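Q: Hi! Could you walk me through this model, one spot at a time?

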Amino acid sequence: MKDFEQHLIHTYNRSVVFDQGEDVYLVDTDGKKYLDMGAGIAVSALGYSNTEFKEALKTQIDKLIHVSNLYYTEPVIKASEYLSEKSGMDRVFFTNSGTEAIEGAIKLARKYAYNKNPESKGEIIAMNHSFHGRSMGALSVTGTEHYRTPFEPLIGGVSFADYNDLDSVKNLVTEDTCAILLETLQGEGGIYPADEAFIKGIRKLCDEKDIVMILDEIQCGMGRTGKYFTFEHYGIRPDILTTAKALGCGFPVGAFAAVEKVASAMVPGDHGTTYGGNPLAGAAVCKVFEIFEKEKIVEHAAEIAPYLTDKLNGLKEKYPELIKDCRGLGLMQGMELTIPAADVVKKALEKGLVLISAGTNIIRFVPPLIIKEEHIDACCEILDSVFASN
Ligand SMILES: *Cc1c(COP(=O)(O)O)cnc(C)c1O
């Protein structure tokens, strides 16, 4: 740990040296086992022991790791078919991360507006308390001032509305608005699901004014809330969708996808990436979708989620002075505390439970989607003992 802190730029407060993964557990270098309710921040949906997934990656490594995007490869063609089919989008662009998916989405929305009117100012409405990533474009639309301020000037033309307040969005719309961008379920900002009237209202607004609706499902997509994508709960569809995190279940890959009308605004030369969607990434994405289908991962997430919700609510009833609220959708749940989340996270870790926080006083539950009742029981028992000792 000391060596690490000497040589890395200090952007994270780290703890524990993890060495291995096993089912839904992580094992540290001393052999201590931890139940993982964070899944590498909503990434490792299949847990750590899916042999078929690992074998698929090994096979592709032996075959071909990389060629540039100047050529076709079969894994990427198949991966784009899967993602289009499951998301209802027409065209896909693969990236290496979530933040790059956001960069691409912003560029695509601006290009669409530019084609309609080269004088367009390309304004974007984003949400307060949103999180979209750390690169300059994604940072520009992230609704937390202390993330943004030290890095200004950022890209211009961005304004922030209040999540779940449709009037606050309407008030910001101008002739130059090219996109409205939001998470379908706010993650980092504290686990806030969208109200149905809010998200449908934005859809309607975008339709009326030909504004591009961008939904960021980097965290809440890929089965996390019991549907492939969270927007399906609302019976709407975005114009651009971003995904990453569980898309590669640990292999770094993201994507932005769009409906034909918007996607066709981009032509060769408008956007690119050296690594994005290389054959190894393609093989990972294909296998994730294949396993999701075969093992009914999304259905399982939908089925098991109420058990987690009930258990968390049980804790809330038991500790009303410590737990202010429990909310979320599917296997993306938040527990708002009256005490700092960091203290609970630390104590839970000592007891063999990996939790992550969202904001200063919210615990975020984003376990592997293969989690079972017995794991949820174990998680809540440890939490119970942490709260009891508080
Ligand atoms: C994690 C996350 C991102 C950024 O993804 P990275 O892969 O870390 O760049 C963007 N949007 C949302 C909603 C996220 O949860």
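A: Happy to; we'll go through the ligand site, a pocket, some buried residues and the backbone oddities.

Q: Before we start, what kind of model is this, and how are residues numbered?
A: Residues are numbered from 1 along each chain as its sequence is written. This is a predicted model, where local features need pLDDT of at least 70, side-chain atom pairs count only at pLDDT 80 or more, and totals for chains, interfaces and linings use all residues, while side-chain values use heavy atoms, with hydrogens and water left out.

Q: Thanks. Which residues surround the ligand?
A: Ser-97, Gly-98, Thr-99, Phe-131, His-132, Gly-133, Glu-183, Asp-216, Ile-218, Gln-219 and Lys-245 do. Being near here takes a heavy atom within 4 Å of the molecule.

Q: And where are the polar atoms of Asp-216 and Gln-219 relative to the ligand?
A: An N or O atom in the Asp-216 side chain is 2.7 Å from a ligand nitrogen. For Gln-219, a polar side-chain atom lies 2.7 Å from a ligand oxygen. There is also Phe-131, with a polar backbone atom 3.3 Å from a nitrogen of the ligand. A polar contact is a pair of N or O atoms within 3.5 Å; within protein, one must be able to donate a hydrogen and the other to accept it, and residues adjacent in sequence count only if both atoms are side-chain atoms.

Q: Switching topic: how much space lies in the second largest pocket?
A: About 990 Å³. On a 1 Å grid over the protein atoms alone, a pocket is an open set of points where a 1.4 Å probe fits, with protein on both sides within 12 Å along at least five of seven lines; lining residues have an atom within 4 Å of a point. Grid points are joined across faces, edges and corners, and the volume is the space filled by probe spheres set on the points.

Q: What lines it?
A: The second largest pocket has 32 lining residues, and Asn-69, Arg-91, Val-92, Phe-93 and Phe-94 lie nearest its centre. Two or more residues each come from helix H4 (74-87), strand S4 (91-95), strand S12 (254-258) and helix H10 (260-263). S4 gives the most, four residues. Helices (H or I, at least four residues) and strands (E, at least two) are DSSP runs, numbered from the N terminus.

Q: How does that lining split by class?
A: The lining of the second largest pocket has 18 nonpolar, ten polar and four charged residues. Ala, Val, Leu, Ile, Met, Phe, Trp, Tyr, Cys and Pro count as nonpolar, Asp, Glu, Lys and Arg as charged, and the others, Gly among them, as polar.

Q: On to Thr-177: is that buried or exposed?
A: Thr-177 has a relative accessible area of 9%, so it counts as buried. Buried means under 20%, exposed over 50% and partly exposed in between (1.4 Å probe, protein chains only). Thr-177 lies in strand S7 (177-183), and a polar atom of its side chain is 2.8 Å from the backbone nitrogen of Thr-174.

Q: Which residues does Thr-177 touch further along the chain?
A: Beyond neighbours within four places in sequence, Thr-177 is in contact (heavy atoms within 4.5 Å) with Glu-123, Ile-125, Leu-172 and Ile-211. The C-alpha atoms of Thr-177 and Ile-211 are 6.7 Å apart, with their positions 34 residues apart along the chain.

Q: What about Val-169, buried or exposed?
A: Val-169 is buried, because its relative accessibility is 0%. This residue is in helix H8 (166-170). Leaving aside neighbours within four places, Val-169 contacts Ile-125, Met-127, Ala-161, Ile-180, Phe-198, Ile-202 and Leu-205.

Q: Last topic: which peptide bond is cis?
A: The one from Glu-152 to Pro-153, with omega near 5°. Pro-153 sits in the loop between helix H7 (145-148) and strand S6 (158-161).

Q: And what is the phi of Asp-23?
A: Near 55°, a positive value in a residue other than glycine. Asp-23 is in the loop between strands S1 (18-22) and S2 (25-28). His-129 also has a positive phi, about 65°. Most residues other than glycine have a negative phi, and most peptide bonds are trans.
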